[in-house]
Amino acid sequence: MTSLNHSEAQKKTVAIIGGGPAGLMAAEVLAAGGIQVEVYDAMPSVGRKFLLAGKGGMNLTHSEPYDAFLSRYGSRKPDIAPLLDQFTPDALREWVHALGIDTFVGSSGRVFPTDMKAAPLLRAWLHRLRQAGVQFHMRHRWLGWNEAGALVFETPQGAHTASADAVVLALGGGSWARLGSDAKWVPLLAQRDVPIAPLQAANCGFDVGWSEYFRGRFAGDHLKSVAITIDDNAGDQHGFRKQGEFVVTAHGVEGSLIYALSAGLRDRISAEGSAVIHIDLLPDWPLQRVIDEVSRPRGARSWSSHLQSRLGLKGVKTGLLRELVAPADFIDPLSLANAIKALPLTLLAPRPIDEAISSAGGVTFEGLDQQLMLQAIPGVFCAGEMLDWEAPTGGYLLSACLASGRAAGNGALSWLHRVAVA
Ligand SMILES: Cc1cc2nc3c(=O)[nH]c(=O)nc-3n(C[C@H](O)[C@H](O)[C@H](O)COP(=O)(O)OP(=O)(O)OC[C@H]3O[C@@H](n4cnc5c(N)ncnc54)[C@H](O)[C@@H]3O)c2cc1C
C-alpha cells in the first residue's frame, strides 16, 4: 500500500461518497494511509443494504478454489480478477477475523460470520474507522459538482459544498432504492462523459403468466430439490443444468436457483422476448424409473394420489404439473413422465430492478484506469456495485465490492502521492 509522508498527507482530504461496504473499505485504506477521510451518505446511517444482506444470513464470500471463484464474474473476470488478487477470499476472511468476528464455511462452501449477522461486523468496523479518524456526514445527498469543481450536497440544513483532493464514489447499484442505492448518480456521471452501461436487474425473479387459481393456491410455496435446464440457442435441452430450489411468487418465480441462472435468462428475454426453462421435479430419478412408476395401474385413485404414492410428488410440484401440462398429456404416462423430468415454463420478463438482489451495468471498466480512476474525471475513483460487473449470490457480490473499494482507496492514495511529487 502507498502511504504519504507526513507533510504530503496532512493537507490531503479524500471524500468518499456512499457508505456501503465498498465506500467503507476505501475509507479504511485511505485512513490507514494517513489521509483525512470524509464519508458522505444520503441516508441517516451507512451500510443499510449490507445490514439487509445480513437478515437472511450474511454470505461474505465463498471457499471454492480461486479459479472457480473468479469464473463467477463471467465476462468481467479479467477486470475483477486483478482487484480480487489484492483482496482474496482468504484475505477477506482474515480481515473479518481481525474485526473480532469468526466465520464458518457452510455445507455449500459459502462463508458466513458465525452468528450469520451483519450488524456486529458493521458495528466493529465503524468503531475502527472512527478511531482511525474517519468523519461521517449522514443525510448528505451528493448532487454533482458546482462550477468551481466543489462537491455539492443536499442536506436537511440546505445545500452544502465540500472540496477534496480526491473523491471515491461508491454509490451502489440500482436495486432496493429505499436503502439508498437509487442510481441517481447515473445522469450526474453521464453528463461528464463517463461511459455507463445501462443498469439491469441481476439475481432477480421473473414474471410468469400464472393462472389465478395457481397464483392464489401456491404463491409463496418452495420447490425444493428440483433442477432447471436451460436449452442452448440451438434448442438442445442439455445446454445448462443446475439443481437447487426456488419459490413460486404471485408474479412468477424467484429464489436461489433462479438467481443463479438469472443473467442468462434476462439476456435471452431481452434478445428473444421470453425464455423457457425446463424443470426437473425429480432430479435424482432416471426418466425410465419415472415412466415405470407413472405407468403402474392407478385403479380408482386420482392422478394426484397416484403421483404422491408412486413418486412422492405433492403440493406445489403437482400443482405445477396441473398448471403447465395439457390435460391430454396428463393422462398419457409417457408424456406425463417426460413433463415431470422436463416441465417447460416460459419466463416473460425479469422483475423490476428495484426488487433485485443486485444490478448489472454501471460505470464501464473501459472508462476507468487500472486503479479505478475515471478517465473522464482525474482524481475521481469508483468502486462497488456501481461498476459494470455482475455475479451470482454466494458471497461474490460483497467480495468484489470490498476488493474494489480497497483498490479504489489504494488508487486514490497513489494518485495523491503522484500529484504531490509532481
Ligand atoms: C436482500 C439482499 C441480500 C443480499 N445478500 C448478500 C449476501 O449475502 N452476500 C453478498 O455478497 N451480497 C449480498 N447482497 C448484495 C450486497 O449487499 C451489495 O452488493 C453491496 O451492499 C453493494 O455494496 P456497495 O458499497 O457497492 O453499495 P451499497 O451497499 O448499495 O451502498 C451505496 C451507498 O451509497 C449511498 N448513496 C447512493 N447515492 C448517493 C448519493 N447521491 N449521495 C450520497 N450517498 C448516496 C447509499 O445511501 C448507500 O449507503 C444482498 C443484497 C440484497 C438486496
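Which classes of residue make up the shell around the ligand, and how many does each have? By class, 16 are nonpolar, eleven polar and four charged. Here Ala, Val, Leu, Ile, Met, Phe, Trp, Tyr, Cys and Pro count as nonpolar, Asp, Glu, Lys and Arg as charged, and the others, Gly among them, as polar.

Before going on, some ground rules. The model is predicted, with local features needing pLDDT of at least 70 and side-chain atom pairs counting only at pLDDT 80 or more, while totals for chains, interfaces and linings use all residues. Residues are numbered from 1 along each chain as its sequence is written, and side-chain values use heavy atoms, with hydrogens and water left out.

**The ligand site**

The ligand is surrounded by 31 residues (a residue is near if one of its heavy atoms lies within 4 Å). The closest are D41, N59, W142, E385 and L398. Backbone atoms of three residues come up as polar contacts, meaning pairs of N or O atoms within 3.5 Å; within protein, one atom must be able to donate a hydrogen and the other to accept it, and residues adjacent in sequence count only if both atoms are side-chain atoms.

| Residue (backbone N or O atom) | Ligand atom | Distance |
|---|---|---|
| P21 | oxygen | 3.3 Å |
| A42 | nitrogen | 3.0 Å |
| N59 | nitrogen | 2.7 Å |

On its own the ligand has 1000 Å² of accessible area, and the protein covers 94% of that (Shrake-Rupley method with a 1.4 Å probe; for residues, only the protein chains shown count as cover). Helix 2 (21-32), helix 3 (48-53), strand 7 (141-145) and helix 16 (396-421) each give two or more residues to the shell. Helices (H or I, at least four residues) and strands (E, at least two) are DSSP runs numbered from the N terminus.

**The parallel sheet**

Five strands line up in the order 6-2-1-10-20 as an open sheet with parallel pairing (two strands pair if DSSP finds at least two bridges between them). Strand 6 (135-137) and strand 20 (380-382) are the edge strands, each pairing on one side only. From one strand to the next, the twist averages 20°. Axes are lines fitted to C-alpha atoms, for helices over the stretch in contact, and angles run from 0 to 180 degrees between N-to-C directions.

Strand 2 (residues 36-40) pairs with strand 6 over three bridges, and V39 stands opposite F136 in strand 6. Helix 2, already met at the ligand, lies across strand 1 (13-17), strand 2, strand 6 and strand 10 (166-169), where contact means heavy atoms within 4.5 Å. This helix runs at about 170° to strand 1.

**Antiparallel pairings**

Strand 7, another contributor to the ligand shell, belongs to an open antiparallel sheet of three strands in the order 7-8-9. Strand 7 and strand 9 (158-162) each have a single partner strand, so one side of each is left without a neighbour in the sheet. The twist here averages 30° from one strand to the next. Strand 8 (residues 151-155) is joined to strand 9 by five bridges, with V152 opposite T161.

Elsewhere, strand 13 (residues 222-230) has antiparallel partners in strand 14 (residues 240-248), over seven bridges, and in strand 16 (residues 275-280), over four. A227 has Q243 of strand 14 as its bridge partner, whereas I228 is matched with I279 of strand 16.
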